[in-house]
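Student: I am new to this structure and would like a close look at one part of it. Please take the helices that pack against one another and go through them in order.

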Amino acid sequence: MKKKRLPFALSLLPFFVLMLIGISGCNKSFLNLAPISNANVNTFYKTAADINNAVLAAYSMNKGIYIDNLAAMAQLDEVRSDNTQDDVRIDNFSTDSGVEWWYWTWDQLYRTIYSCNIVIEKAPGVTMDATLQKQYLAEVMFLRAMAYFELVKNWGGVPVVTKTPTDISASAVDVPRNTVAQVDSLIVNDLMYAVQNLPASYTGSSVGRATSGAANALLGKVYLTMGNPGAAQTVLTTVVNSGLYSLLPTYAAVFNINARNSAESLFELQFTANTDPSPLESYFASAASGDAGGGYYYNQPTPDFVNTFETGDPRMGVSIAKDANGNYYCIKFNDPAMTSFANSSHPFPILRYADVLLLLAEAEGDSPAAYALINQVRARATLPPISAATPGTFATKLLHERRVEFGFENQRWHDLLRFGVAIQVMNAQLAPQGVTIGPNNLLDPISQNTLSANPKLVQNPGYH
């Protein structure tokens with residue numbers, strides 16, 4: 001059962017205004033990604049360093065998907081599920097397209113795509129090392145694929161925009177929706193290019209940039225979402241066989257702030273207190289948590305999520321704590337050194353090796369090989385192995401393992417969709433509120449702001 005509250009509302013400029021903004025660069029350190037503004041997009045990109053700055057700007061925009069606008073993506077990917085609760089309109093599957101979370105996330109995703117498209121357009125015209133040029137293109141194709149993957153999972157077919165507009169006339173910026181298959185095709189093509197042209201690893205200040213392993217892992221998840229487990233199995237096995245990744249010895253070690261870019265991390269969002277901080281700890285902490293500066297108490301764990309952990313599972317204590325009032329809240333991304341509100345250095349995981357193992361188990365299907373993969377993750381949590389003889393279906397057992405392993409990591413809602421059980425699971429959660437959902441609730445509404453700005457868009461069924 002979910003308990004409810006309403007958020008305070010903020011406003012943003014319409015998405016089309018960003019077309020006037022030249023997003024052109026960043027600080028040279030990969031961890032400090034503040035973009036340089038006011039550079040003319042058409043004349044600025046002349047050197048390899050200029051293109052690198054543009055790539056870093058795209059990384060910065062990508063981070064905004066997950067942390068900006070009060071961590072709006074968590075509302076769509078976690079709060080919409082049975083894991084967490086927050087905004088009553090998200091929790092109760094409101095059909096009101098005026099809810100700001102829809103607008104914020106859509107806007108930030110297309111801002112990221114715009115930043116990536118700048119690099120894709122400008123890099124080929126700059127004289128530089130050919131391998132480096134392909135790497136830069138591959139990095140932003142990886143980021144663009146991430147953005148479109150979030151869009152297609154949440155909204156279905158969306159406009160595929162691969163070029164930056166030359167003006168803000170209606171003919172340039174009013175773009176109709178593409179089909180899901182067309183969006184999926186772009187995602188797969190971008191990731192295949194990334195796999196072929198990204199390095200397997202980096203050194204020095206470049207550690208943390210996208211790698212071929214990250215691209216293969218994301219591609220595996222995309223293939224599973226598309227219903228192609230055979231293709232997923234192939235690319236995920238490539239990641240496992242690379243020998244570059246492994247589970248850290250304990251779950252606590254994964255979220256130790258000193259384990260940044262560890263052997264378990266394929267791709268994570270990088271943060272540095274004071275210069276490029278994460279606000280997630282403060283957004284998710286409760287006011288009574290004792291956290292520096294208090295907290296907004298977003299993304300609250302549901303009682304069902306708290307109670308789903310097996311006895312003795314250490315993932316519970318790493319993920320969730322009780323505040324002074326006895327309320328549970330997320331502590332997974334806490335920075336012990338944080339001394340002021342929203343000023344954390346803790347990274348946020350996007351792809352972990354545990355995810356690769358469990359995705360590969362999903363691709364394998366009900367088999368001894370799949371259980372062996374699941375049991376690697378369970379063994380790290382000091383839990384006994386499971387098998388076909390363990391009560392429950394294979395899908396139920398795998399979904400449970402994913403739920404407790406990736407809580408608060410923006411995975412649960414899309415796991416429920418991918419396994420085809422979202423309606424069943426959420427109707428059980430929503431029954432005490434007298435709420436029932438159906439197929440139309442599986443996609444998010446396009447916000448009214450977005451529809452007003454682009455009359456060629458058509459709303460998803462069931463929304464107003």
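Tutor: What follows is a short setting, then a run of packed helices, then one further helix seen from its two sides.

The model is a predicted one. Its chain has 19 helices and eight strands. Of the 464 residues in the chain, 59% are buried. If contacts between residues at least 6 apart in sequence are taken, 71% of them join residues at least 24 apart.

Two packed helices are described by the angle between their axes and the distance between the axes. Start with helix H7, residues 180–197, and helix H8, residues 212–226. Their axes come within 8 Å and cross at roughly 155°. An angle over 145 degrees counts as roughly antiparallel, and H7 and H8 are therefore roughly antiparallel to each other. The crossing in which H7 passes H8 is left-handed. On the H7 side the contact is made by Asp184, Ile187, Val188, Leu191, Met192, Ala194 and Val195. On the H8 side, the residues that take part include Ala215, Leu218, Leu219, Val222 and Met226.

H8 also packs against helix H14, which spans residues 353–364. Here the axes come within 10 Å and cross at roughly 35°, and H8 again passes its partner in a left-handed crossing. H8 contributes Ala217, Lys221 and Leu224 to this contact, while H14 contributes Asp355, Val356, Leu359, Glu362 and Ala363.

From H14 the run goes on to helix H16, residues 394–405. These two helices pack at an angle of about 170°, with axes 11 Å apart, which makes H14 roughly antiparallel to H16. The H14 residues in this contact are Ala354, Asp355, Leu358, Leu359, Ala361 and Glu362. They meet Phe394, Leu398, Glu401, Arg402 and Glu405 of H16. Asp355, Leu359 and Glu362 of H14 thus appear in the contact with H8 and in the contact with H16.

The further helix is H18, residues 422–430, where Ala422, Val425, Met426, Gln429 and Leu430 are buried. Seen down the axis of H18, these buried residues fall within an arc of 125°, so they line one face of the helix. An α-helix has 3.6 residues a turn, so residues three or four places apart point the same way. Gln424 and Ala428, on the other side of H18, are exposed. The cover over the buried residues of H18 includes helix H3 (88–91), helix H12 (303–307) and helix H17 (412–418).

Notes
Residues are numbered from 1 along each chain as its sequence is written. This is a predicted model: local features need pLDDT of at least 70, side-chain atom pairs count only at pLDDT 80 or more; totals for chains, interfaces and linings use all residues. Side-chain values use heavy atoms; hydrogens and water are left out. Helices (H or I, at least four residues) and strands (E, at least two) are DSSP runs, numbered from the N terminus. Buried means under 20% relative accessible area, exposed over 50%, partly exposed in between (1.4 Å probe, protein chains only). Contact means heavy atoms within 4.5 Å. The arc is that of the directions from the helix axis to the C-beta atoms. Axes are lines fitted to C-alpha atoms, for helices over the stretch in contact, and angles run from 0 to 180 degrees between N-to-C directions. Angles under 35 degrees count as roughly parallel, over 145 as roughly antiparallel, 65 to 115 as roughly perpendicular and the rest as oblique. A crossing is left-handed if the near helix is turned anticlockwise from the far one by less than a right angle, and right-handed if clockwise.
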